[in-house]
Amino acid sequence: MKEITQQDADELKSFIEQHKFFFIVGHKEPDGDCVSSCLGIAAILDAYKKNYQLLSAGPFKRNEVIKWQDKFSNEMEFQDASERAETGLIICDCCELSRLGEIDGDFKGLDTFIIDHHKTGSIIENAKGYINAEAPACAFLIQIFYEMLVGPLSKELAEILFFGLCTDTGFFRFLTDNSAPVFMAASRLVAYGANPRTTYIDINSGKPYSTRKLLGILLNKAERYLDGRLVITYESLEDTKNFGMEGRDSDALYQLLLSSKGVEAAVFLRQDTPTTCTGGFRSQDKIDVSAVAAKFGGGGHKNASGMSCNGRVETLIPQVVKEFARIM
């Protein structure tokens, strides 16, 4: 796995030292890795005695991240021209401005530093940053940057970054045979005070009962394609109306679908509005779902990606099947 070098750490340090104030932001509909990465950057800025504002377009749909919602705002603090000239923008777990969502304010012209780990990511024009597609979580990268720039983590920060690491690795089940550095970093987090048992409970418990009912409906709607290697299910506007958006548990859905014999990829589509959809793509080891997500304006990792696009589920499903047929 590609390591963060001293030069990489020095570039982030220089960026921090060059600015007086920072906006810290992650992608819309933040997950545990996104939230914990933003909080980790905030901790680095605290160590450098820098002022900042945590931003997120939300919504905080996932039950496990709601507890941090109040730390974030979707409205940028007002700044005059001289203040903006001394402000830095740090983007975590994302590298496209379009994926930041609707935030009241203007990011244009701000000196920008990106930290991301998505396979389809690249540094936007005129920005600085560090992208490592081999890293399993952005929180892992933030931990290394913190240790190199600040030192040992506090118990509270270790718990936050361990949470993010466990979120994106599926509690380590998505890791491959080159993951020794990740386990060593996780071991240090536990030594700092993170608790694997309580973290697992935080991530997996407290789901609203309605999500269990919705899970059954989504499983009932699932259909197999491409000789059973691809499974697709969907959520309608009526489903959302009946069961709400609170405490979604898509991870459990993907686990159940991918555990079926012969299934190599699973897709979950949701009709968000009458004319727009979001989608999640998951796969076993060989299938690169980021290639399919990219066809619909999305992206992510080889085995876990997402997208948001115009359209309706009934017309989108054949298009998704067609794109998977090209790679399966």
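**Exercise 1. Cysteine sulfurs**

Work out why C138 forms no bond to its closest cysteine sulfur.

*Solution.* Start with the distance: the sulfur of C138 lies 5.3 Å from the closest cysteine sulfur, which belongs to C92, and that is too far for a bond. Keep in mind that this is a predicted model. For the cut-off, a disulfide needs a pair of cysteine sulfur atoms within 2.5 Å. Next, look at the surroundings: C138 is buried, with a relative accessible area of 0%. Now repeat the step for C277, whose sulfur is 5.8 Å from that of C309, its closest cysteine sulfur, and again too far for a bond. C277 is buried too, also with a relative accessible area of 0%. To finish, take the total: the structure holds 0 disulfides.

**Exercise 2. Overall build of the chain**

Find how many helices and strands the chain has, and check its radius of gyration against the globule rule.

*Solution.* Count the elements to begin with: there are 12 helices and 11 strands. The radius of gyration is 20 Å, close to the 20 Å that the globule rule gives for 328 residues, so the chain is as compact as a globular protein of that length. Along the principal axes, the C-alpha atoms fill a box of roughly 55 × 45 × 40 Å. Then turn to burial: 51% of the 328 residues count as buried. As for contacts between residues at least 6 apart in sequence, 66% join residues at least 24 apart.

Finally, consider the surface and the charges. The accessible surface comes to about 15,400 Å², and carbon and sulfur atoms account for 49% of it. The chain carries 36 positive and 45 negative side chains, and the centres of these two sets lie 6 Å apart.

**Exercise 3. Backbone angles to check**

Locate the cis peptide bond that ends at P59, then inspect phi of K49 and L226.

*Solution.* Begin with omega: the bond from G58 to P59 is cis, with omega near -10°. P59 sits in the loop between β2 (51–55) and α3 (81–85).

Move on to K49, where phi is near 55°, a positive value in a residue other than glycine. K49 belongs to the loop between α2 (32–47) and β2. Its relative accessible area is 74%, so K49 is exposed.

Phi of L226 is near 55° as well, again positive in a residue other than glycine. The loop that holds L226 runs between β6 (223–225) and β7 (230–235). With 21% relative accessibility, L226 counts as partly exposed; the buried class would need a value under 20%.

**Exercise 4. Two residues and their neighbours**

Decide whether Q53 is buried or exposed, and list what Q53 touches beyond four places in sequence.

*Solution.* First place the residue: Q53 is in strand β2. At 10% relative accessibility, Q53 counts as buried. Leaving out residues up to four places away in sequence, its contacts are F21, F22, F23, I24, S73, E75, M76 and E77.

Now do likewise for F324: which residues does F324 touch?

*Solution.* F324 is part of helix α12 (residues 313–327). Its relative accessibility is 0%, so F324 counts as buried. Not counting residues up to four places away in sequence, F324 touches L226, L230, A265, V267, F281, I287, V289 and V292. L226, the residue with the positive phi, is thus one of the contacts of F324. For another of them, I287, add a distance: the C-alpha atoms of F324 and I287 are separated by 9.0 Å, although their positions lie 37 residues apart along the chain as a sequence separation.

Definitions and conventions
Residues numbered from 1 in each chain as written. Predicted model: local features only at pLDDT ≥ 70, side-chain atom pairs only at ≥ 80, totals over all residues. Heavy atoms only, no water. Helix = DSSP H or I, 4+ residues; strand = E, 2+ residues; numbered from the N terminus. Buried < 20%, exposed > 50% of the residue type's maximum accessible area, 1.4 Å probe, protein only. Rg over C-alpha atoms; globule rule 2.2 N^0.38 Å. Contact = heavy atoms within 4.5 Å. Areas by Shrake-Rupley, 256 points an atom, 1.4 Å probe, with all protein chains shown as cover. Lys, Arg positive; Asp, Glu negative; His and termini not counted. Charge placed at Lys NZ, Arg CZ, Asp CG, Glu CD.
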